[in-house]
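Trainee: I would like to learn how to read a protein model one feature at a time. Where should I begin?
Mentor: Look at the picture first, then we will take single residues before sheets and helices.

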Amino acid sequence: MVLVRVPRGVCAGSEGHDRARVDQLRTIGCTTPFCSGSWSPSTTQEVAQHMGEAWRDLLTGLEPGDWQGFQEALNGFRRSAPGTSYENLHRRGQEILNDETWPVPGQELSPSKNTWVNLLKSPERYSWPLIELLVLIVAKQLGAPREELVLEWAAVYERCGGLPGRFTTTATAPASVPNSASETTFRDLDRPAGAAGSARAPAPALLRAAAQLARAVHRERETDREARRTEDPFALQVRWHVWEELQDHWSNIHRLPAGAETEAGPLDLAGRYDRIADTFEQVPSARLVVLGQRGSGKSVLAGRFVQDRLSRRTDGERVPVVFDLKRWNAVGDLRDWLAGALAEHYRGLDAPAPDGVGTLAGALVDAELILPVLDGFDEIGAVAHTELLRQIHGRGRLPFVLTSLPEPYMTAVRTAGPVSGAAVITLEDLTTDDLAGYLPRTPGLAGHRWSAVLERVRQAPDAPDCAALRVALATPLITGLARTVYSGDRDPHVLLDVRRFGSAAVLEQHLLDQYVDDVYRTGAPGPGGTTGPRKALRQHRAELAVHWLGFLAHSGQDFGWWQTADLVPRRQRVLVFVLLSLLVGSVAGLLLMEPVPAVAAAAGLALMAGLAGSSRAPRPVRVVPRLAGRGRQALWEVGSALAGGLAVGGAGWLAVQQFGWWALAPVAAVGNAFGSALSSWGRGEGGRDRRIAIGTGFGGGAAGGGAIALIGTLMDWPFGPWVHWLTLGLTIGAMVGVGSGMKAHPAIDTVVAPRQLLVDNRSYALLQTCTVGCGYMVTAGVLGGLKAMLVTGPVIGLAFGVAAHAWGRWVILGRLWLPLRGRLPWRLWEFLADAHSRELLVQSGAFYRFRHERLRQTLAARYTERLCHDGKSQVECQETSRPERSSSLGRPGLR
């Protein structure tokens, strides 16, 4: 058979293309019936069939690295099957992806028509998942054995210089038809995603970033383990067993293809605390759901899983990361949420990706280098449950570990069905034997007393005085609290008093309340701790500390320092910003103009400040001012700002000449948004990030232009020539660009710590306050003279620093207003560090979070009770008693 090469510039399926193929066949002596006669559209299918058979001949003589020849063979292979036009490939590809008997790594949705066209015509080398999907489509249309075809094409793809993921061979293919795929087995499909030889070969920069991230996650988990002291003196060996009723079919968990000769049998996934990584590795689908009651140790077990997986990780494998599902907003795409959570939690991952598209965090997710551990499925709403399961189900190859209470997960499975390929295990209650090896090790006389108490429970577990204690001590959380509270000289026999503790719930609440009291009043160490006591506080200080923690507990499970500004009710925020702006505006106005215009200027400034106060605090920018090594990006930022400033200057002069000073505000808003869009595009941002950048630029431009318009109107400034306006626009653009251009992303191998994030954001806020202030000083000086320059520029720069940056709002509201109101202490950082050392709080990246939801609920209830009993107004008491506001809703998050 003779190989015919079709001109690449001719569109497949067109009449000209078929004529060209017939002509070429004739020139090489083709004797088929359709070569002897004149061409007609009816011969198209016959031509396609003849041409499609030539793909094997092309493979025979394929030279190493011949990508063009590979494309032509692949296109001939496509044409050999009916119904594989570019228009049909999208639909047939989705049918393949919906058939879970053969998962395609890295491909969740079928590509569009244009993507298929580019695969077979573009000189760009496409990744293996797309090619594998095309082979599966053709195999299905031909009724051919798909395994043999996939392995054959994988060997060819590797010979052409590609990496066919899990089908990568260990030896070089022979010079003839590549057949080294025989060294690959179909069971390679069961390899966990992210292992060496995954669906894509990540860029070296991504592999280095993944290694740095692994080190950061490992240090974070070690710090969390030491802070919680869950293994002091040793870890309670929580056990689990399989819950088959809530999981997928065993054949799907085994990833067996349809029509497999043998039926998959159940796996023995029973295990204990220090075997969680082994249990996960037993699951061929690499999808595991962990169910357990409150306080059963699900989050601690997730942390242990991450540590164990990291200790076994090799280069190129996925990095396990714990994600806090409480911040899942059920609106966006799961991939985007995972990337946003990574970028928020780890320093440097919000930097641009190596290819300039999106962030480094997003690139790690796309390269299958992240193993998500989704903690807290039960902490999101019912709608979010269904949406999350739907998205996980749609990503059939995404490995994960998910933790939840049994009831919410059971309800979600009834609605959305079992998660594809997911095995389910449920944590068991602690037994008396587990407690006997743990509680008697309590220091002091309490250890011997615990032995007697547990012996009584062992002898009569269902007796009225033992039943409540036995049920309460079934979880590691309450067991740890009991060991802490009833240590030293305290006698745990009181817990058998059925008159005081008639139920497990009453007994658990008693332990929680007693622990909160002891941790400040006696300086007792945290649950499980054996270290020396911390400094005890006087009763008044202890009550204040509990009150301050109650205020934070009432706002949600976790909080960042910048979110304390949002804990102030909106009416109070607006009032604070208006009063401050009236004060500053009045003083500045009296220095520039008569009293009446000064009051008008102050009122205009107060209006803008009130609008700023009504909005939520911006997320802190995690950058440090540095120019070294950032020349190219810095030049782009400066250029974008100059373009925006030039647009504002040119269009602003025309608008002001035509409509007066007030026309400057909308022109400045549009021009600044234009510069922000250019800047965002240069950083490789897209979607939501770009919309946020444009919206922020629009608002900032409107505010700055409105301030100049207000002062210009009140002081009757002359418009000036257009040359001045262009110069001023370029000056302001240059000042803003310098501030933006010096944004440098920190190293990846560290977690975002609260204090470090504050320092970074403060440095950047002060830098931009100075640069923006200087730009407006020049503007005011040219238009209004020296006095206007010395007054207007600093005021606008200060307003920008407060309104546009998290640090400015935190200073006014978190460091001044809330302490004045008695909601938080003046020395907030020392207070949070002390609560962290007493194990009431744990640090989760830039956030502090309460050690457990039960502890948070206890503190929040005490805060509400104190407000109502201290004679607060009925309105304030009712307002405080409402359900807690979660400061983390809609935010990306990790644990």
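**Reading the model**

Trainee: At 2% relative accessibility, does A286 count as buried or exposed?

Mentor: A286 counts as buried, because its relative accessibility is 2%. Buried means under 20% relative accessible area, exposed means over 50%, and partly exposed lies in between, with a 1.4 Å probe and protein chains only. This is a predicted model, in which local features need pLDDT of at least 70, side-chain atom pairs count only at pLDDT 80 or more, and totals for chains, interfaces and linings use all residues. Residues are numbered from 1 along each chain as its sequence is written, and side-chain values use heavy atoms, with hydrogens and water left out.

Trainee: Where does A286 lie, and what is its phi?

Mentor: A286 is in the loop between helix 12 (276-282) and strand 3 (287-291). Its phi is positive, about 60°, although A286 is not a glycine. Helices (H or I, at least four residues) and strands (E, at least two) are DSSP runs, numbered from the N terminus. R255 also has a positive phi, near 60°, and is not glycine. R255 sits in the loop between helix 11 (250-253) and strand 2 (271-272), and it counts as buried because its relative accessibility is 7%.

Trainee: How do I read a sheet, and what is the order of strands 8, 11 and 12?

Mentor: Start with the pairing: two strands pair if DSSP finds at least two bridges between them. Here the order is 8-12-11, in an open sheet of three strands with antiparallel pairing. Strand 8 (558-560) and strand 11 (841-844) are at the edges with a single partner strand each, so one side of each has no neighbour in the sheet. From one strand to the next the twist averages 30°.

Trainee: How many bridges join strand 11 to strand 12?

Mentor: Four bridges join strand 11 to strand 12 (residues 847-850). L841 is opposite F850, and V842 has R849 as its bridge partner. These two strands form a hairpin with two residues between them, and G845 in the turn has a positive phi of about 65°. Strand 8 pairs with strand 12 over three bridges, with G560 opposite F847.

Trainee: Which residues of strand 12 are on each side?

Mentor: In a regular strand, side chains alternate between the two faces of the sheet. In strand 12, F847 and R849 are on one side, Y848 and F850 are on the other, and all are buried. Helix 33 (residues 828-837) lies across strand 8, strand 11 and strand 12, at about 105° to strand 11. Such angles run from 0 to 180 degrees between N-to-C directions, and the axes are lines fitted to C-alpha atoms, for helices over the stretch in contact (heavy atoms within 4.5 Å).

Trainee: How do the axes of helix 30 and helix 32 cross?

Mentor: The axes of helix 30 (residues 754-784) and helix 32 (residues 806-820) come within 8 Å and cross at roughly 105°. Helix 30 is therefore roughly perpendicular to helix 32, since angles of 65 to 115 degrees count as roughly perpendicular, under 35 as roughly parallel, over 145 as roughly antiparallel and the rest as oblique. On helix 30, L758, N761, R762, A765 and L766 meet A806, W807 and W810 of helix 32.
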